[in-house]
Amino acid sequence: MRESGTLSEAELELIDALQINPRASWVDLGLATGSDPATAARRWQRLTSSGDAWTTVALGRRQMHEMSMAFLEIDCVAGAAVEVAATLAEARHLITVQHVAAEHDLFVIAAAASMPPLADYLLTDLPRVPGVAKVRTHLTTRVFEASRHWRLRVLPQGAAAGLARRSGPPESTRRMDGIDRRLFHALLADGRAGYAELAAIVGTSERTVQRRLSRLVATEDIDFRCDLARSQAGWHSSAVLWLRMPDRLLEETGTALLGWPETRTCAALAGSSNMLLTVGLHTVTDLHPLVMRLEKRFPHVTVVDRQIVLRQTKLYGRLLDPAGRCTGVVPVDPWSLGPRR
């Protein structure tokens, strides 16, 4: 039995292995973690049942590039922040909802298939949500990372050799169609769902599901991610950093930040603060050393503002309790914002 509020070393290694390859076979996962496949499967079942860890599908690099995304700073009426966060968490186009220690109350990530429906929502619908007092919008121009490849990094070096994600060259460059989107939605609740289960949900053959999944991964329309109640693994805090730098150095800086173990989300923005960086922290006291390291490594960067996350209400479609455990799923659906009629 593990101690209350912590995950065992074996559980952490399994989660780390699944973060490397969320759809790896139980045989490969067992080899990587030094356990037999049945034990690995039972261990994962316990983790998902308790809400301590989960897998899901994610928008891939191409979709992230083509879609319209925004980071929102939301002021709430006094005493209404918790209720507003709960309301916004039910919106399928709002990927993440967090309470932050800042001049505003909530930090929210929004996504839509194009700018017109996103603008309609931001200008018309969001300001009418009861308890919302003011909204500041920061549009992304380039998403470098959106938490898909963040890892615990607890597996021994070399143990994950057999877990590398494999995808060949794309069979075509065609865009996602209705079946692809249904497949994406079917994988949101469980990124490890089998081909037979997915075929039954989507209404096609297992072979078609397998072929489409392979193509969607190869074209970088979708990816897979594994996450957990981070405080159970020693990551007790996180922060949002707003950065300013010369535009000519955005690409270089964003690419370099992908290698930092703390990096969760990194994106270029259209405003005067032209980069957003969200980071995981073991404790709040880690923030200042990280900022100092950031300024030393990138002398061209100015940290305009930094905000500690108080609580995550929603994380990439997962509803979380105050301890960060998953309590439900609101499927991510950036296509849910349709054009006005």
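Reader: Which strand gives the most to the lining of the second largest pocket?

Author: That's β10, with 5 residues. Before going on, keep in mind that this is a predicted model.

Reader: How should I think about finding a pocket, and what volume does the second largest pocket have?

Author: The general idea: rolling a probe the size of a water molecule over the atoms shows where empty space is left. Here, the second largest pocket comes out at about 310 Å³. Its lining is made up of 20 residues, and those lying nearest the centre are Ser231, Trp235, His236, Ser237 and Gln312. Besides β10 (302–315), strand β7 (237–244) also supplies at least two residues of that lining.

Reader: What classes of residue make up the lining of the second largest pocket?

Author: Sorted by class, there are 10 nonpolar, 7 polar and 3 charged residues.

Reader: Let's move to a strand. Which way do the residues of β2 point?

Author: In a regular strand the side chains alternate between the two faces of the sheet. Try it on β2, residues 68–76. Ser68, Ala70, Leu72, Ile74 and Cys76 point one way, while Met69, Phe71, Glu73 and Asp75 point the other way. Both sets are buried, so 9 of the strand's 9 residues count as covered.

Reader: Which strand is joined to β2, and how do the two run?

Author: Look for β4, residues 106–112: 7 bridges join it to β2, and the two run antiparallel. To get your bearings, find Glu73, which stands opposite Phe107 in β4.

Reader: Now a single residue. Is Val132 buried or exposed?

Author: A residue is called buried when its relative accessible area is under 20%. Val132 has 11%, so it is buried. You'll find Val132 in strand β5, residues 132–146. Its contacts, not counting residues up to four places away in sequence, are Ile74, Asp75, Val84, Leu126 and Pro127. Two of those names, Ile74 and Asp75, you've already met in β2.

Reader: And where is His99?

Author: His99 sits in strand β3, residues 94–101. With a relative accessible area of 10%, His99 is buried too. Leaving aside neighbours within four places in sequence, its contacts include Ala81, Val82, Asp105 and Leu106, as well as Ile308, Val309, Leu310, Arg311 and Thr313.

Reader: What does UniProt list for residues 176–236?

Author: An unreviewed UniProt entry lists "domain: HTH asnC-type" there. In the model, that stretch is 52% helix and 11% strand, with its end C-alpha atoms 37 Å apart.

How values were computed:
Residues numbered from 1 in each chain as written. Predicted model: local features only at pLDDT ≥ 70, side-chain atom pairs only at ≥ 80, totals over all residues. Heavy atoms only, no water. UniProt positions renumbered as here; feature names shortened; annotations may be inferred. Helix = DSSP H or I, 4+ residues; strand = E, 2+ residues; numbered from the N terminus. Buried < 20%, exposed > 50% of the residue type's maximum accessible area, 1.4 Å probe, protein only. Pairing = 2+ DSSP bridges. 1 Å grid on protein atoms, 1.4 Å probe; cavity = no way out; pocket = protein on both sides within 12 Å on 5 of 7 lines; lining within 4 Å. Points joined across faces, edges and corners; volume = space filled by probe spheres on them. Nonpolar A, V, L, I, M, F, W, Y, C, P; charged D, E, K, R; others polar. Contact = heavy atoms within 4.5 Å.
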